[in-house]
Amino acid sequence: MLRDITIGQYYPSNSIIHKLDPRTKLMLTLVYILSLFIFQNVAGFAVVTVGLVLIILLSKVPIGYMVKGLKAIVIILVITAVFNLFLTPGETLVVFWKLRITKEGLKNACFMTVRLIYLILGSSVLTLTTTPNQLTDGLEKSLKPLNKIRVPVHEIAMMMSIALRFIPILIEETDKIMKAQLARGADFESGNLVKKAKSMVPLLVPLFISAFRRANDLALAMEARCYHGGAGRTKMKPLKYKSADGVAYLVMAGYFAAVILVRRFF
């Protein structure tokens with residue numbers, strides 16, 4: 001399960017999507033997320049599906065590698081579907097004891113589940129095709145106007161970059177600790193919910209200690225290198241838009257216009 005988490009991990013490749021400016025990819029992801037929530041029909045999902053499939057193919061990231069990342073959110077998907085299925089009022093289709101499934105609930109459950117799946121896949125494309133350094137630079141450059149109202153843009157971007165870097169590190173650390181505890185006779189699978197929760201203590205305590213130790217080492221390393229924030233700092237590789245980014249913005253505008261038209265006329 002831990003190896004199936006793909007959010008925050010980078011997949012090296014030589015695709016068109018990898019070569020795009022990180023600011024372009026951030027804007028594409030934002031528009032894609034907005035497009036997921038502005039329609040309530042099958043036609044809208046068809047447009048989004050076509051766009052998502054094309055982006056995944058252009059990124060040259062194996063679809064199977066991206067889909068396995070959904071295993072980590074199966075419980076969230078199930079809970080979302082159940083709540084929408086049984087708690088949405090409307091025309092009754094089936095009754096189970098005191099629970100009833102409505103036509104509107106079935107529709108909302110299907111739409112919300114697909115939205116969450118598409119949201120994870122679309123967000124994964126951003127992190128899989130953009131290194132943490134590129135993502136930090138793109139976020140900082142995009143939010144730079146907020147410096148005028150004293151928003152700590154550089155610090156926010158730095159924290160995001162560190163968080164993304166820590167995801168694969170903590171996953172690997174968790175895997176090592178789990179294997180070590182299993183070798184000592186720990187059991188993480190059997191028993192009821194309370195017993196499973198108690199069995200996680202030997203895993204969580206060393207993990208938290210390791211995370212705090214790594215954070216402390218990182219802070220000491222940054223202080224030893226005289227890091228004092230973004231004031232006066234320059235970039236070794238300054239971001240520059242290319243012709244491919246202009247084409248990407250045009251495609252993004254066409255995609256969003258198609259979603260709006262589908263919402264209006266279907």
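Of the 266 residues in this protein chain, 32% count as buried. Keep in mind that the model is a predicted one. The accessible surface adds up to about 16800 Å², and carbon and sulfur atoms own 69% of that. If you boxed up the C-alpha atoms along the principal axes, you'd need roughly 65 × 60 × 40 Å.

As for secondary structure, the chain has 11 helices and 2 strands. Walk along the sequence and the order reads α-α-α-α-α-β-β-α-α-α-α-α-α. Contacts reach well along the chain, too: among those with a separation of 6 or more, 74% join residues 24 or more positions apart.

**How the helices pack**

Two packed helices are described by the angle between their axes and the distance between the axes. Take α3 (residues 42–59) and α11 (residues 243–265) to begin with: their axes sit 9 Å apart, at an angle of about 170°. An angle over 145 degrees counts as roughly antiparallel, so that is the label for α3 and α11. Who does the touching? On the α3 side you'll find Ala-43, Gly-44, Val-47 and Val-48, and they meet Tyr-255, Ala-258, Val-259 and Val-262 of α11.

Now look at α2 (residues 22–35) and α7 (residues 132–142), whose axes come within 8 Å and cross at roughly 75°. That crossing makes α2 roughly perpendicular to α7. From α2, the contact uses Pro-22, Arg-23 and Leu-26, while α7 brings Gln-134, Leu-135, Gly-138, Leu-139, Lys-141 and Ser-142.

**Salt bridges**

Side chains of opposite charge can pair when their charged atoms come close. How many salt bridges turn up in a search of the whole structure? The count is 4, and the table gives some of them.

| Acidic residue | Basic residue | N to O distance |
|---|---|---|
| Asp-21 | Arg-23 | 2.9 Å |
| Glu-172 | Lys-176 | 3.7 Å |
| Glu-173 | Arg-214 | 3.1 Å |

Arg-23, which has already come up in the contact between α2 and α7, pairs with Asp-21 through its side chain. Is this pair buried or exposed? Asp-21 counts as buried because its relative accessibility is 4%, and Arg-23 is buried as well, at 11%.

Helix α8 (residues 153–183) holds both Glu-172 and Lys-176, 4 residues apart, or about one turn of the helix. Glu-172 counts as partly exposed, with 41% relative accessibility.

Glu-173 also lies in α8, but its partner Arg-214 belongs to α10 (residues 201–224), so this pair ties together parts 41 residues apart in sequence. Glu-173 is buried, its relative accessible area being 17%. Arg-214, in contrast, is partly exposed at 33%.

**Around helix α5**

Which residues make up the nonpolar patch on the surface? They are Val-74, Ile-75, Val-78, Ile-79, Val-82, Phe-83 and Leu-87, and together they offer about 670 Å² of accessible area. Leu-87 is part of helix α5, which covers residues 74–87. The relative accessibility of Leu-87 is 58%, so this residue counts as exposed.

Asn-84 is in α5 too, yet here the picture is a buried one. Its relative accessible area is 19%, and the cut-off for buried is under 20%, so Asn-84 makes the buried class. Leave aside residues up to four places away in sequence, and Asn-84 touches Gly-105, Asn-108, Ala-109 and Met-112. So α5 carries the exposed Leu-87 as well as the buried Asn-84.

**Two loop residues with positive phi**

Which residues show a positive phi without being glycine? Lys-60 is one of them, with phi near 60°. You'll find Lys-60 in the loop between α3 and α4 (63–67). With 51% relative accessibility, Lys-60 counts as exposed, the cut-off for that being over 50%.

Arg-150 has a positive phi as well, of about 65°. This arginine sits in the loop between α7 and α8. Arg-150 counts as exposed, with a relative accessibility of 80%.

Terms used. Residues numbered from 1 in each chain as written. Predicted model: local features only at pLDDT ≥ 70, side-chain atom pairs only at ≥ 80, totals over all residues. Heavy atoms only, no water. Patch = residues over 30% accessible without salt bridge, like charges linked within 9 Å, V, L, I, M, F, W, Y side chains within 5 Å. Areas by Shrake-Rupley, 256 points an atom, 1.4 Å probe, with all protein chains shown as cover. Buried < 20%, exposed > 50% of the residue type's maximum accessible area, 1.4 Å probe, protein only. Axes fitted to C-alpha atoms, helices over the stretch in contact; angles between N-to-C directions. Parallel < 35°, antiparallel > 145°, perpendicular 65-115°, else oblique. Contact = heavy atoms within 4.5 Å.
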